[in-house]
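Hi everyone, thanks for coming. I'd like to walk you through one model today, so have a look at the screen and we'll take it piece by piece.

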Amino acid sequence: MSARGKARRRALDILFEAEARQVSPLSVLAERVERADPPVNEYTSFLVEGVVRHLERIDELISTYAEGWTLERMPAVDRNVLRGGTYEMLWSEEVPEGVVISEWVHLAAELSTDESPQFVNGLLARFKQLKPSLSL
């Protein structure tokens, strides 16, 4: 797994843990940075902080375009995969869109249900298509 791939996985772990503990992802991130075992990659911080900064808009987009699914009905892993992937797709210019989709779909395949990769792929591909017309 690439360094960025590991950073995405750590960001997903932090987002998932924060939701499970009902605390801010920024406090979980701070705990991980302070513990530094293993050290937190700069890209992990970039992703977690970005998701938190844009969470309201991210959740609004996911809710709008996830046909037949509410955020509450989604598995928690899928919800947080989509949050990380949506942030990286729409607000980060560093990584090609196809790589963003592939990496987050891989995490969904590794950590969630059999249907999750197709669901994540479809929604992130839709955001890629809509990106020029979305108001962020």
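**Salt bridges and helix contacts**

Okay, let's start with a pair of side chains: Arg21 makes a salt bridge with Glu17, and the closest N and O atoms are 2.6 Å apart. Before I go on, please keep in mind that this is a predicted model.

So where do those two sit? Arg21 and Glu17 are both in helix α1, which covers residues 3-21. They are four residues apart, and that is about one turn of the helix. As for Arg21, is it buried or exposed? Arg21 is partly exposed, because its relative accessible area is 39%, and partly exposed is what we call anything between 20% and 50%.

Now, Arg21 has another partner. Its side chain also meets that of Glu31 in a salt bridge, at 3.0 Å from N to O. Here Arg21 is in helix α1 while Glu31 is in helix α2, residues 25-35, so this pair ties together parts that are ten residues apart in sequence. Glu31 counts as partly exposed too, with 33% relative accessibility. And if you follow the shared partners, salt bridges join Glu17, Arg21, Glu31 and Arg32 into one network.

That brings us to how α1 and α2 pack. Their axes are 8 Å apart, and the angle is about 125 degrees. That makes α1 oblique to α2, and the crossing is right-handed. Which residues of α1 meet α2? On the α1 side we have Arg10, Asp13, Ile14, Leu15, Glu17, Ala18 and Arg21. On the α2 side they meet Pro25, Val28, Leu29, Glu31 and Arg32. Sorted by class, this contact has six nonpolar residues, six charged ones and no polar ones. You'll recognise Glu17, Arg21, Glu31 and Arg32 from the network I just mentioned.

Let's stay with α1 for a moment, but look at a partner from elsewhere in the chain. Arg79 and Glu19 have side chains that meet in a salt bridge, 2.3 Å from N to O. This one links distant parts of the chain: Arg79 is in helix α4, residues 76-91, Glu19 is in helix α1, and the two are 60 residues apart. Arg79 is buried, with a relative accessible area of 10%, whereas Glu19 is partly exposed at 25%. How many salt bridges does the structure hold? There are 14, and I've picked out just a few for you.

Next up, another pair of helices. Helix α5, residues 97-111, packs against helix α6, residues 116-130, at an angle of about 160 degrees, with the axes 8 Å apart. That makes α5 roughly antiparallel to α6, since the cut-off for that word is an angle over 145. The crossing of α5 and α6 is right-handed. The α5 residues making the contact include Ile101, Trp104 and Val105, and among those from α6 are Val120, Leu124 and Lys128. By class, the contact of α5 with α6 divides into nine nonpolar residues, two polar and two charged.

One last residue, and then I'm done. Asp59 is in helix α3, which spans residues 42-65. Is Asp59 buried or exposed? It counts as buried, because its relative accessibility is 14% and buried means under 20%. What does Asp59 touch, once you leave aside neighbours within four places in sequence? Asp59 is in contact with Leu71 and Arg83. Okay, that's my tour, thanks for listening!

How values were computed. Residues numbered from 1 in each chain as written. Predicted model: local features only at pLDDT ≥ 70, side-chain atom pairs only at ≥ 80, totals over all residues. Heavy atoms only, no water. Buried < 20%, exposed > 50% of the residue type's maximum accessible area, 1.4 Å probe, protein only. Contact = heavy atoms within 4.5 Å. Salt bridge = Lys/Arg side-chain N within 4 Å of Asp/Glu carboxyl O. Axes fitted to C-alpha atoms, helices over the stretch in contact; angles between N-to-C directions. Parallel < 35°, antiparallel > 145°, perpendicular 65-115°, else oblique. Left-handed = near helix turned anticlockwise from the far one by under 90°. Nonpolar A, V, L, I, M, F, W, Y, C, P; charged D, E, K, R; others polar.
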